[in-house]
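Good morning, and thank you for making time for this presentation. Please look at the sequence and the structure before I begin.

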There are 2 protein chains.
Amino acid sequence: MSTLQAPFRTPDAASSARDVRLAARSGALQSHTSGLASAHVQGNLVILPKSHAADFLRYCQANPKPCPLLGVSEPGDPALPMLGEDIDIRSDLPRYRVWRDGELVDEPGDVRALWREDLVSFVIGCSFTFEHALMAEGIALRHVVQQRNVAMYRTNIATVPAGVFRGPMVCSMRPLRATDAIRAVQITSRFPAVHGAPVHLGDPALIGIRAIAHPDYGDPVDVMPDELPVFWACGVTPQAALAEARLPFAITHAPGAMLVTDLPHHRLACF
Amino acid sequence: MSTLQAPFRTPDAASSARDVRLAARSGALQSHTSGLASAHVQGNLVILPKSHAADFLRYCQANPKPCPLLGVSEPGDPALPMLGEDIDIRSDLPRYRVWRDGELVDEPGDVRALWREDLVSFVIGCSFTFEHALMAEGIALRHVVQQRNVAMYRTNIATVPAGVFRGPMVCSMRPLRATDAIRAVQITSRFPAVHGAPVHLGDPALIGIRAIAHPDYGDPVDVMPDELPVFWACGVTPQAALAEARLPFAITHAPGAMLVTDLPHHRLACF
């Protein structure tokens with residue numbers, strides 16, 4: 001062991017983003033990134049061959065609320081300098097998913113062996129940042145209190161298609177009292193790079209959700225009689241579009257195992 | 001008639017704010033100011049003896065959402081230079097209400113004969129400005145389309161008392177679809193000087209409103225099945241507190257007969 005190397009420490013909320021990435025790179029961290037380096041932006045990952053990257057880029061551009069792009073790599077380059085120091089996108093997430101012809105074929109801890117010169121990495125904003133901002137303003141989020149995944153639903157809101165990418169918008173739902181819902185609109189409007197303002201609130205049926213107690217992804221949470229369900233566009237939308245497109249080859253993060261970037265949350269606030 | 005004086009013209013949407021005030025001053029305009037000099041901020045008026053002015057000022061300061069102060073005069077001075085050129089608050093509104101011991105005793109066209117050296121004028125922001133901003137963003141307002149007064153309700157939200165001034169918050173209600181309601185939160189958040197963001201949306205019973213079809217002030221409007229009722233703090237709140245306080249003497253504007261200021265609406269946008 002080099003005398004220059006810091007003694008290894010299990011990453012926690014106070015870790016630097018780079019320490020979390022290095023722990024993932026070394027194989028010491030193989031699980032969720034939720035709560036790690038908690039002052040920093042985390043992102044969803046999609047890696048595609050160049051042949052589909054242009055369509056996917058157009059899809060994200062046309063659907064910025066569910067698919068807010070934080071960074072896109074050069075083809076073949078595993079670095080993402082706009083998101084962090086010495087990122088190696090092939091190893092710096094704790095776990096990946098490998099898709100062939102639309103089927104999940106593997107969940108490796110790194111994808112170095114699969115790397116190709118034509119691969120383009122897309123990092124997409126996730127709701128952790130706006131949840132951080134909501135909680136910092138004193139708004140309690142039930143799924144966080146109850147230590148569950150947020151509830152997510154396929155809606156009848158269509159995304160704008162681009163090439164092979166299309167499908168319904170997936171929305172996350174957080175139950176809030178009206179005053180908190182109004183405040184949450186204000187707070188999340190400041191963060192367009194992580195889904196921005198809600199897309200709906202109130203009656204779930206108006207966006208095609210029949211059973212609020214049965215989310216399509218994540219865990220159900222109760223909506224109290226004095227609360228409104230508030231719906232935000234969700235980063236699962238591009239993942240669902242990707243699955244639907246049944247591409248010959250794609251790599252994504254595994255659920256909850258995100259890229260932890262060097263960006264502090266407040267860097268994404270637009271005012 | 002002086003050759004310097006412009007020929008008199010009935011004020012309309014394109015008039016200058018000063019022309020509207022001069023028409024009121026001359027007695028030619030005795031009715032509503034709604035839609036006149038429509039690019040300009042209008043305000044509610046309360047005139048009180050100095051003996052109650054300090055409490056009323058504290059009441060407004062403690063309740064900025066229902067009582068946003070646009071301007072306060074020096075005692076005895078009928079001018080409000082922060083709100084417009086050569087305003088004479090005693091004559092520049094089309095109609096006034098005079099209150100003695102809490103009772104409405106007169107509705108004169110000017111109050112020059114009642115003026116005293118101890119009177120302080122308060123001009124309070126009104127929703128015309130945020131309605132202008134909402135409509136400019138393409139959000140249709142049903143009461144405007146139907147040419148009715150906005151529906152207003154006494155709620156169970158208590159204002160912060162100050163001296164003799166206290167009472168429930170009065171809210172105006174506009175029915176909006178969820179996407180417009182979210183947009184309306186964003187737009188009206190920019191205008192804290194004219195009530196700002198909504199105070200409630202969704203279930204009226206949660207703020208003590210039992211019958212949405214029966215407003216306490218103004219006219220009822222329908223709330224469609226795909227709409228939420230959205231509630232804003234309303235300038236009728238201080239008027240109700242004033243009536244409750246049963247002061248020996250007070251002057252207010254008559255309903256709909258507001259002070260038209262020189263301020264363009266956009267001057268009140270805080271970002």
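I shall speak about the two domains of chain A, then the interface of the chains, then two helices, and finally salt bridges.

Some conventions come before that. This is a predicted model, in which local features need pLDDT of at least 70 and side-chain atom pairs count only at pLDDT 80 or more, while totals for chains, interfaces and linings use all residues. Residues are numbered from 1 along each chain as its sequence is written, chains are lettered from A and ligands numbered from 1 in the order in which they are written, and side-chain values use heavy atoms, with hydrogens and water left out.

Let me begin with the domains. Chain A is divided into domain 1, covering 17-126 + 239-263, and domain 2, covering 128-235; these bounds come from an automatic or database domain assignment. The C-alpha centres of the two domains of chain A are 23 Å apart. In domain 1 of chain A, 26 residues are in contact with 25 residues of domain 2 of chain A, where contact means heavy atoms within 4.5 Å.

How much area do domain 1 and domain 2 of chain A bury between them? The value is about 2100 Å², with 63% of it on carbon and sulfur atoms. Buried area here is the accessible area (1.4 Å probe) that two parts lose on being put together, summed over both. On the side of domain 1 of chain A, A:Tyr59, A:Lys65 and A:Cys126 supply 31% of the area buried against domain 2 of chain A, more than any other three residues.

Between these two domains of chain A there are zero salt bridges, a salt bridge being a side-chain nitrogen of Lys or Arg within 4 Å of a carboxyl oxygen of Asp or Glu. There are, however, six residue pairs in polar contact between domain 1 and domain 2 of chain A, both residues at pLDDT 80 or more. A polar contact is a pair of N or O atoms within 3.5 Å; within protein, one must be able to donate a hydrogen and the other to accept it, and residues adjacent in sequence count only if both atoms are side-chain atoms.

On the side of domain 1 of chain A that touches domain 2 of chain A, β1 (40-49), α2 (50-62) and α6 (236-245) of chain A each supply at least two residues. The largest share, six residues, comes from α2(A). Helices (H or I, at least four residues) and strands (E, at least two) are DSSP runs, numbered from the N terminus.

I turn now to the two chains. At their interface, 17 residues of chain A are in contact with 16 residues of chain B. Chain A and chain B bury about 1300 Å² between them, and carbon and sulfur atoms give 77% of that area. The interface of chain A and chain B has zero salt bridges and two residue pairs in polar contact, both residues at pLDDT 80 or more. On the side of chain A that touches chain B, α5 (178-189) and β8 (200-201) of chain A give two or more residues, and the largest share, six residues, comes from α5(A).

Next, the helices. Why is helix α6 of chain B described as largely enclosed by the rest of the structure? Seven of its ten residues are buried, so the description follows; buried means under 20% relative accessible area, exposed over 50%, and partly exposed in between (1.4 Å probe, protein chains only). Among the buried residues of α6(B) are B:Val236, B:Pro238 and B:Leu242. Just after α6(B), B:Arg246 takes a positive phi of about 50 degrees.

In helix α3 (residues 128-136) of chain A, the buried residues include A:Phe130 and A:Leu134. The buried residues of α3(A) pack against elements of chain A including β1, α5 and β9 (227-233).

Finally, the salt bridges, of which the structure holds 28 over all chains. A:Arg142 pairs with A:Glu227, with the closest N and O atoms 2.5 Å apart. This pair links distant parts of the chain, 85 residues apart, with A:Arg142 in helix α4 and A:Glu227 in strand β9 of chain A. Both A:Arg142 and A:Glu227 are buried.

A:Arg58 forms a salt bridge with A:Asp55, at 3.1 Å between the closest N and O atoms. A:Arg58 is partly exposed, with a relative accessible area of 46%.
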